[in-house]
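Student: I should like to learn how a strand and its surroundings are read from a model. Could we work through one case together?

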Amino acid sequence: MNPIYIVAEIGCNHNGDFKLAKQMVDEAKKAGVDAVKFQTFKAEQLISKIAPKAEYQIVQTGNDETQLEMTRKLELPYDEFIKLEHYAKSLGLDVFSTPFDMDSIDFLASRQQKTWKIPSGELLNLPYLEKIARLPIAGKKIILSTGMATLEEISLALSVLNQNGMSPGDITILHCNTEYPTPFEDVNLNCIAGLKETFSEYQVGFSDHSPGYFAGIASVPFGISMIEKHFTLDKSFEGPDHKASVTPDELRLLCEGIRAVETSLGSREKTVTPSERKNKIVARKSIVAKKTIQKGEHFTLDNITTKRPGNGISPMAWYDLLGKQAEQDFSEDQLITHTGFSAQEV
């Protein structure tokens, strides 16, 4: 199984500040992610003047400004994204961005971006889906986030992508809940198994908006191929997504936890592992002399018992050995030996 692809979602948590965005790239690298992701948009093309704020946005940023006014402050100019793209790649990170409007799709296509994340809010945006699917970029991959969506809506979006040139093997479906932060009772990790069964031709991943890193680590045994997690340098920063994001320390723990669980999964077969084999002699018991036994005496409940180490006759042969005659003298605690009885494997 390939390692889970870990994406640090910088998104708009840079607050439109290039220096802050660059610092976030550094912290993401230190944490151990595989990729960083941004959001590219022109606020006027994304949001109408009458669009209301989401409830979580009001909670985080107040209601004194419109969604459009709030989002304008979060834009990252195209030229600054290019600088960040070069910088992230110089650190050995993959880097891509989610476009939220048609001009931003064109810009990212001019960069020959190969990985395209379709956010949950665009899942039913037909012209948007068609435009990305038709981009003539070799090796293009699409990641489809599915917050707020039904299975029927996911199927509809996938059919649009398929009909416009994308094969299932080049699409990853992300289980997602579009609440920031997502209450644990709404995370619904079991849905990952359902998505894998329903859309068996596709890879399935997890876009986690729940608090902390618990759900992210817990998703590993479900067989996800990738995980995306919003992160911030400080949850107290002004902006809509900071409080629903992890800190650099939490991001590091997420990465370490994912890698530890991946290594721990193993197989369905129960075997004695090399690391524990050496402990068999120490932890298991053998049949030993409870007291001095003379040659010719019969083994009885009074003169034999079981004690460590486990390199003599197994206690599982207890009733077979009882009543047999000792073939030699045994001192107290000496391992019992007898013709026809072999020592345990260690």
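**Reading strand E2 and its surroundings**

Tutor: Let us begin with a unit of this predicted model: strand E1 (residues 5-11), helix H1 (residues 18-31) and strand E2 form a β-α-β unit that is right-handed.

Student: How many bridges join E1 to E2?

Tutor: There are four, and the two strands run parallel. Within this pairing, Gly11 lies opposite Phe38 of E2.

Student: Which strand pairs with E2 over six bridges?

Tutor: That strand is E3 (residues 94-99), and this pairing is also parallel. Thr40 of E2 has Pro99 of E3 as its bridge partner.

Student: Where do the side chains of E2 point?

Tutor: In a regular strand, side chains alternate between the two faces of the sheet. Here Ala35, Lys37 and Gln39 point one way, while Val36, Phe38 and Thr40 point the other way.

Student: Are the residues of E2 buried or exposed?

Tutor: Buried means under 20% relative accessible area. Six of the six residues in E2 (residues 35-40) meet that description, and the strand is mostly covered. Across the protein, buried residues make up 45% of the 346 residues.

Student: What radius of gyration does the protein have?

Tutor: The value is 30 Å, whereas a compact globule of 346 residues would have one near 20 Å. Along the principal axes, the C-alpha trace spans about 100 × 45 × 40 Å.

Student: Which residues does the "domain: AFP-like" annotation cover?

Tutor: The unreviewed UniProt entry assigns it to residues 286-344. The end C-alpha atoms of that span lie 8 Å apart, and the span is 7% helix and 14% strand.

Key: Residues are numbered from 1 along each chain as its sequence is written. This is a predicted model: local features need pLDDT of at least 70, side-chain atom pairs count only at pLDDT 80 or more; totals for chains, interfaces and linings use all residues. Side-chain values use heavy atoms; hydrogens and water are left out. Buried means under 20% relative accessible area, exposed over 50%, partly exposed in between (1.4 Å probe, protein chains only). Two strands pair if DSSP finds at least two bridges between them. A crossover is right-handed if, with the strands pointing away from the viewer, the path from the first strand over the helix to the second runs clockwise. UniProt positions are given in the numbering used here, feature names are shortened, and annotations may be inferred rather than shown by experiment. The radius of gyration is taken over C-alpha atoms; the globule rule is 2.2 Å times the number of residues to the power 0.38.
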